[in-house]
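Thanks for coming, everyone; I would like to take a few minutes to walk through one model, going from its contacts to its core and then to its surfaces near DNA. Please keep the structure open while I talk.

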There are 2 protein chains.
Amino acid sequence: MSLPHPATEQLDLAIILAALGDPTRLSIVAHLARNEAEPLTCGQFLDLGSKTNISYHLAKLREAGVTRTEAVGTSRLISLRRADLERRFPGLLDSILASAKTLSP
Amino acid sequence: MSLPHPATEQLDLAIILAALGDPTRLSIVAHLARNEAEPLTCGQFLDLGSKTNISYHLAKLREAGVTRTEAVGTSRLISLRRADLERRFPGLLDSILASAKTLSP
DNA sequence: TCCTTTGTTCAAAATTCATTGAACAATTGA
DNA sequence: TCAATTGTTCAATGAATTTTGAACAAAGGA
């Protein structure tokens, strides 16, 4: 099982914005931001869609470079690539997360 | 000819990010930001695509609330809705424009 | 070993998106 | 009035996206 992640220098703005320009994925990212202390598993997003569908959206976020996914046992631990994003596009993620917060308090 | 623009309070984050998550539209917005002194016409984007195609992308940006389009003669003057965006999602547009700048210096 | 848990992959269907050319509309100027 | 300029709308097409269920795979525990 390969879980390819784009390198930091390869992160593309349009691809990242497209990945975040979807309600389900925006909810996933907001949820990750709210629980950055410990990474979350796929199963913790099942209220947002079916198992298959969440797997699809999480793959999109990973391929865009927004999240990192590491396999641990049968689970996948998902976390925001905050430091990488900050280095490539300073301030971008924070402003998007802040904007997302004005919607779901 | 009606040119409907969403109200500031109705601006939706996912819709805005989806509108900006396209290379052509990101170029359009970056170009608008570089020339905010005076609004631009559709014809000034023809290097990014065909006349019909640019009209399509400009409609997307307008419907998302990113741009404002006013008819003047046979032309359309297009400008960023910077103040509205700032009020609804403070800092968002600036951070996206700054990120876009790191790509095309 | 067998079963459960946790996710992925695959194929199919439905939807949406992007692009094009032809036709149209409105304004301006000769 | 006639023609040129500036964009939009329409229909069609191909591509990409989203969603679903069935089948599969890997790890862990009884």
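Let me begin with a definition: two residues are in contact if their C-beta atoms, placed from the backbone, lie within 7 Å. What we have here is a predicted model, in which local features need pLDDT of at least 70 and side-chain atom pairs count only at pLDDT 80 or more, while totals for chains, interfaces and linings use all residues. Residues are numbered from 1 along each chain as its sequence is written, and chains are lettered from A and ligands numbered from 1 in the order in which they are written.

With that in hand, which residues does A:Ile16 contact, leaving aside its neighbours within four places in sequence? They are A:Leu11, A:Ala64, A:Gly65 and A:Val66.

A:Ile16 also appears in the largest nonpolar core, where, of 48 residues, A:Ile16, A:Leu20, B:Ile16 and B:Leu20 touch the most other members. By such a core I mean a set of buried Ala, Val, Leu, Ile, Met, Phe, Trp, Tyr and Cys residues joined through C-beta atoms within 7 Å, and buried means that 20 or more other C-beta atoms lie within 10 Å of a residue's own, all placed from the backbone. Helices α1, α2, α3 and α5 of both chain A and chain B each supply at least two residues of this core, helices being DSSP runs of H or I with at least four residues and strands runs of E with at least two, numbered from the N terminus.

Turning to α1(B), six of its eight residues are buried, so this helix is largely enclosed by the rest of the structure. The cover over those buried residues includes α1, α2 and α5 of chain A, as well as α2, α3 and α5 of chain B.

As for the interface, 19 residues of chain B are in contact with 19 residues of chain A. On the chain B side, α1, α2 and α5 give two or more residues each, and α5(B) has the largest share, with six residues.

Finally, the DNA: 20 residues surround strand C, the closest being A:Thr41, A:Cys42, A:Gly43, A:Ser55 and B:Gly73, where near means a C-beta atom, placed from the backbone, within 6 Å of the strand. Around strand D there are 20 residues, of which B:Thr41, B:Cys42, B:Gly43, B:Ser55 and B:Ser75 come nearest.

How values were computed. Buried ≥ 20, exposed ≤ 12 C-beta atoms within 10 Å, placed from the backbone.
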